There are 2 protein chains.
Amino acid sequence: MCDEISPNIAKEISNNVDNFLFDCDGVLWNANEVIPGSLETVKGLKALGKRVFYITNNSTKTRAEYAEKCVKLGFPASEEEIVCTSYISALYLHNMNFQGKIYVVGNPSMGEELDRFGLKHTGIGPDPPDDNQAGLQVVSGLTLDPEIKCVLVGFDKYISYPKMMKAASYARQKDCIFLATNEDTHLPMDVPFVIPGTGTIVASVKVPARREPLVMGKPETNMFRCLQKAHNLDPARCMMVGDRCNTDISMATNCGMQSLLVLTGVSTLSDVETYKASGDPTQATYVPTYYANKLGQLGKLLGFSIP
Amino acid sequence: MCDEISPNIAKEISNNVDNFLFDCDGVLWNANEVIPGSLETVKGLKALGKRVFYITNNSTKTRAEYAEKCVKLGFPASEEEIVCTSYISALYLHNMNFQGKIYVVGNPSMGEELDRFGLKHTGIGPDPPDDNQAGLQVVSGLTLDPEIKCVLVGFDKYISYPKMMKAASYARQKDCIFLATNEDTHLPMDVPFVIPGTGTIVASVKVPARREPLVMGKPETNMFRCLQKAHNLDPARCMMVGDRCNTDISMATNCGMQSLLVLTGVSTLSDVETYKASGDPTQATYVPTYYANKLGQLGKLLGFSIP
């Protein structure tokens, strides 16, 4: 097993970690309810001079919108401290000096982040009725735009057969960049039905394209790589705090960061035992450095005032 | 390598095989063009007293519609000789005496085959506008129908986010049967864009449901099992003729049939070599018993008059 945090471990963390990366849902809050002790811990770490970043796979908010959500719940956050997949996708294309046009299967926040970097794209929302009609004929008069050299897929509630057809047709071209914000299969919500996540939308493009996209979100490493570059971070002095072993903790391991699993969200200690016993190299990346029942436990051990 | 058919092999086939199962596209015809020699071979086999069946993963035609297509191209075919996934899905539910209601992601031919067996289902086509609107709200006022105990997914050009949400919600329920007609990723058509196949639609339901459907089509064995039951077939005296190793030939191997690969469609001899050398047990099922450059080669060796 990995170790539960103790007074000694908390001291070590305090000495050796300069940058804390927080997954949000299941760590800082659940839905819109702050998890008790999380607020004080984040504020306490900031007061100690630690850098704090909020890392989310969510592709439906811009950095500004996500910072607003943090602040509304009481967490000190500026746009520069937010790492979300809509922003990282746009930054990735900007960093590579992408000059073509992007076919986007996405949402308004993704469009906004692309616009902020001046990246050309096909727009957001339902397909134009004519295209939609042509696509529904299946073998149709659709024409491909030769300017398009990238397909970017994120959460899109207007996903349709014609969009799948167009996105897959572009993504199938060898010189086309194929990006996905993340591959979460569903949204973890307390409702009696399944809310399909971005992984569902991505599957509907990658299956016909017969090609895997480059994924920006956790457990892939691109989010951290962009952050690392922007802030000159040393992974050895970073700690990822998360509630999901197969996304948050796996990304930390893959980036050479320490990790802390909190038990206020998806993963359990028995999951960790299973991963550790599996002997599978992928599952080995799911095992955190430390665990805590909740984030407030770290705050308490560091002497912050936790009510 | 597997053997190319020879005069001796053709004689053996003629002696030992009573039932010929033909994949159609790539074997009998390409798009709407009959492959020279195929017509005469099928007719010749029938004249020898062999039984002939047409086996297609296509879920967008009823048996009657598919028989009509065969006849239009000159192939002797009655409804009883057609095995298509819309029909097999309905037959599968009929055979198990399914009494609930079926949530269908599908097309009119699937609806027709279900109706013919008197199976209750939710209907075909775009989602009702109210449901669609509710689904697009993502966390919505959608209610699940407790009568629904089966999700059946086939080709559906009206696939939408609300449909994915509903289908996945039902399929996620443990007592719900989850069927897919087939999982072909795309339609093999000679057009400059990708036509997403039923596998794309299935992925958009199984990813959020986090569950694998029971697949009716090739390479799974359900199509043959239904045919076997209906006609009391001995697999050892059946031969599957196909152009795709990973569907047609794999199903034949999995069912204990002999198989003949024809090189007029998707798979090549070099594919066969790769599968044979792989040492992978799945790929081992892709290796046919025999191969022929085209179906007409068998007819010629059997002494049929091939122009």
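Let's start where the two parts of chain A meet: in this predicted model, four residues of domain 1 of chain A are in contact with four residues of domain 2 of chain A. To place these parts along the chain, the domain assignment gives residues 3-57 together with 219-301 as domain 1 of chain A, and residues 96-215 as domain 2 of chain A. If you take the centres of the two domains over their C-alpha atoms, they lie 31 Å apart.

Now have a look at the interface itself. Between them, domain 1 and domain 2 of chain A bury about 460 Å², and carbon and sulfur atoms account for 41% of that area. On the side of domain 1 of chain A that touches domain 2 of chain A, the residues comprise two polar and two charged ones, with no nonpolar residue. What links the two domains by polar contact? The count is two residue pairs in polar contact between domain 1 and domain 2 of chain A, both at pLDDT 80 or more. How many salt bridges does the rule find across this interface? The number is zero for domain 1 and domain 2 of chain A.

From here we can step back to the two chains. Two copies of a chain are related by a rotation about an axis and a shift along it. For this pair, a rotation of 180° with 0.0 Å of shift along its axis superposes chain A on chain B, with an RMSD of 0.0 Å. That is why the relation is the one of a two-fold axis. Both copies use the same surface, as 100% of the contact residues of chain A recur in chain B.

Terms used:
Residues are numbered from 1 along each chain as its sequence is written. Chains are lettered from A and ligands numbered from 1 in the order in which they are written. This is a predicted model: local features need pLDDT of at least 70, side-chain atom pairs count only at pLDDT 80 or more; totals for chains, interfaces and linings use all residues. Side-chain values use heavy atoms; hydrogens and water are left out. Domain bounds come from an automatic or database domain assignment. Contact means heavy atoms within 4.5 Å. Buried area is the accessible area (1.4 Å probe) that two parts lose on being put together, summed over both. A salt bridge is a side-chain nitrogen of Lys or Arg within 4 Å of a carboxyl oxygen of Asp or Glu. A polar contact is a pair of N or O atoms within 3.5 Å; within protein, one must be able to donate a hydrogen and the other to accept it, and residues adjacent in sequence count only if both atoms are side-chain atoms. Ala, Val, Leu, Ile, Met, Phe, Trp, Tyr, Cys and Pro count as nonpolar, Asp, Glu, Lys and Arg as charged, and the others, Gly among them, as polar. Copies are superposed by least squares on the C-alpha atoms of residues with pLDDT of at least 70 in both.
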